[in-house]
Amino acid sequence: MLDLGGLRGITVDARRLLVTVEPGATLADVDRATVGHGLAVPLGVISGTGVAGLTLGGGMGWLTRSCGLSLDALVSAEIVTAEGEHVRASEQENPELFWGLRGGGGKFGVVSAFTFRARRLPPAILGGNFFYRHPRWKEALGAFDRWATGLPEEMTPIISFLVFPPEFGLGDEAWMVVGFAWAGEDHRPGLDLVEQLRGAAPPDEEEVGATTWLEWQAAMDGVFPRGSRGYFKNLSFSRLDDDVIDVLVGFLSEIAWTGTGIDLHLMEGAFGRVPEDATAFPNRSARYWFNIYGFWQNPGEDARLTAFTRRAYSLMQPSDEHGQYVNFMGAEAGIDAREAALQTYGPGAFDRLVELKDRYDPLNLFRRNHNIPPSRG
Ligand SMILES: Cc1cc2nc3c(=O)[nH]c(=O)nc-3n(C[C@H](O)[C@H](O)[C@H](O)COP(=O)(O)OP(=O)(O)OC[C@H]3O[C@@H](n4cnc5c(N)ncnc54)[C@H](O)[C@@H]3O)c2cc1C
């Protein structure tokens, strides 16, 4: 294993809106470096996550609808290949490698620097959470879906279902939480949208207000204690009608423990405008991304909570569109890597990724990942 954790340097070129990040940096490192310049890079929602893995697979967070994924903000990357060759990838230099890195992940070499295009961000964003108790979930999900139709892209909502750890003071029941961030300078249009949702689905509890980017980016950190165990699965879908809501609420109602969470990311906006073949990220048309994840501590829980995740995933599978988000996938024993990669990326992208693998890592040095085996592998 290669530990790049010591390489956390960040350079901000505020005039050109460019941010260069070394591979060991976390989201918090980047946010701290950019915020003083009034800039942000679109990253994820838990501040201790590594920028490198997040970006190479995708990168969904509070700016996804206004800026796209983290990998959409990538302008160039420096790579050390399996042969020790230093290569730069961008739209101009080695564009096919640049295509594959963005979604195909770290299968072709070690990325030693990422350069992102940042966006301007006001000193305070509007953020909030609407909390719903179980009896309101069905109604709230339907109202959310109607509210989200045509939603301005400065507003990124993420719905989560979970029992919060005790320090959140939210008891031991499972909550549906609609979190939202409005990244526009003027908060009034954002507050109007929040009011519309409040009218359509009044929450049982709520917290809404201006907050700093750094605070907002760390707000959910306490849910995932370092060293948590976990098993992830994901799929994408577009129809959140009564039938799908019934399926969702059916298995979500079983969650009575801290250690399993489910997020529904509303996509579309800037994310959805990127042509599907522009990067190796496999699906740009789905309206929602469904991600089920674990954050338990006790190894004795592995079998039960992994089985729950698998069952929830299989119940949602009839709604599944195409492609898998490689960053939200658990390791699966006994699955053929080629078949898994084919399902993850789809046949056209899979063939292009194998060609890249043949060119940059034909002996499959970088294989401890959701692998794309080279054609001779
Ligand atoms: C608590 C938690 C919160 C999360 N939140 C989000 C979220 O909000 N949004 C989201 O989209 N995803 C999220 N994820 C998923 C996350 O994107 C993946 O787990 C991702 O792999 C994390 O990358 P890392 O660099 O931290 O991990 P690592 O374990 O360091 O890396 C993961 C993989 O990425 C590759 N890799 C890493 N660095 C390099 C490099 N320099 N060069 C080449 N390949 C490299 C390797 O294949 C490595 O095995 C979350 C995960 C967790 C555990």
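Here are some worked exercises on the predicted model above.

Residues are numbered from 1 along each chain as its sequence is written, and side-chain values use heavy atoms, with hydrogens and water left out. Because the model is predicted, local features need pLDDT of at least 70 and side-chain atom pairs count only at pLDDT 80 or more, while totals for chains, interfaces and linings use all residues.

**Exercise 1. The domain interface**

Describe how domain 1 and domain 2 meet.

Solution.

Step 1. Start with the bounds: domain 1 covers 10-120 and domain 2 covers 125-328 (the bounds come from an automatic or database domain assignment). Their centres, taken over C-alpha atoms, are separated by 24 Å.

Step 2. Now look at the contacts. In domain 1, 33 residues are in contact with 40 residues of domain 2 (contact means heavy atoms within 4.5 Å).

Step 3. Turn to area. The size of an interface is often given as the accessible area lost when the parts come together. Here about 2,900 Å² is buried between domain 1 and domain 2, and carbon and sulfur atoms give 60% of that (the accessible area, with a 1.4 Å probe, that two parts lose on being put together, summed over both). On the domain 1 side, Met60, Trp62 and Arg65 lose the most area to domain 2, together 37% of what that side buries.

Step 4. Add the polar part. Between the two domains there are 24 residue pairs in polar contact, both residues at pLDDT 80 or more. A polar contact is a pair of N or O atoms within 3.5 Å; within protein, one must be able to donate a hydrogen and the other to accept it, and residues adjacent in sequence count only if both atoms are side-chain atoms.

Step 5. Finish with the elements. Helices H1 (27-35), H2 (51-57), H3 (64-67) and H4 (95-104) each give two or more residues to the side of domain 1 that touches domain 2. The largest share of that side, five residues, comes from H4. Helices (H or I, at least four residues) and strands (E, at least two) are DSSP runs, numbered from the N terminus.

**Exercise 2. Salt bridges**

Find out which parts of the chain are linked by the salt bridges of Glu78 and Arg352.

Solution.

Step 1. Begin with the rule: a side-chain nitrogen of Lys or Arg must lie within 4 Å of a carboxyl oxygen of Asp or Glu. A search of the whole structure finds 24 salt bridges, and the count between domain 1 and domain 2 is two.

Step 2. Take Glu78, which meets Arg88 in a salt bridge with an N to O distance of 2.7 Å. Glu78 lies in strand S4 (residues 74-81) and Arg88 in strand S5 (residues 86-90), so this pair ties together parts that are ten residues apart in sequence.

Step 3. Check exposure. Glu78 is partly exposed at 29% relative accessible area, and Arg88 is partly exposed at 34%. The classes are buried under 20%, exposed over 50% and partly exposed in between (1.4 Å probe, protein chains only).

Step 4. Take Arg352, whose side chain meets Glu96 at 2.8 Å, N to O. This pair links distant parts of the chain, with Arg352 in helix H12 (residues 347-360) and Glu96 in helix H4, 256 residues apart. Arg352 is partly exposed at 28%, and Glu96 is partly exposed at 33%.

**Exercise 3. Around Ser236**

Is Ser236 buried or exposed, and what does it touch?

Solution.

Step 1. Place the residue: Ser236 is in strand S12 (residues 233-237).

Step 2. Read the accessibility. Ser236 has a relative accessible area of 0%, so it is buried.

Step 3. List its surroundings. Not counting residues up to four places away in sequence, Ser236 touches several residues, including Asn283, Trp289, Asp320 and Gly323. The side chains of Ser236 and Asn283 are joined by a polar contact of 3.2 Å.

Step 4. Follow the trail to Gly323, found in the loop between helix H10 (302-316) and helix H11 (337-345). Gly323 is buried too, with a relative accessible area of 12%. The C-alpha atoms of Gly323 and Asn283 are separated by 5.8 Å, although these residues are 40 residues apart along the chain.
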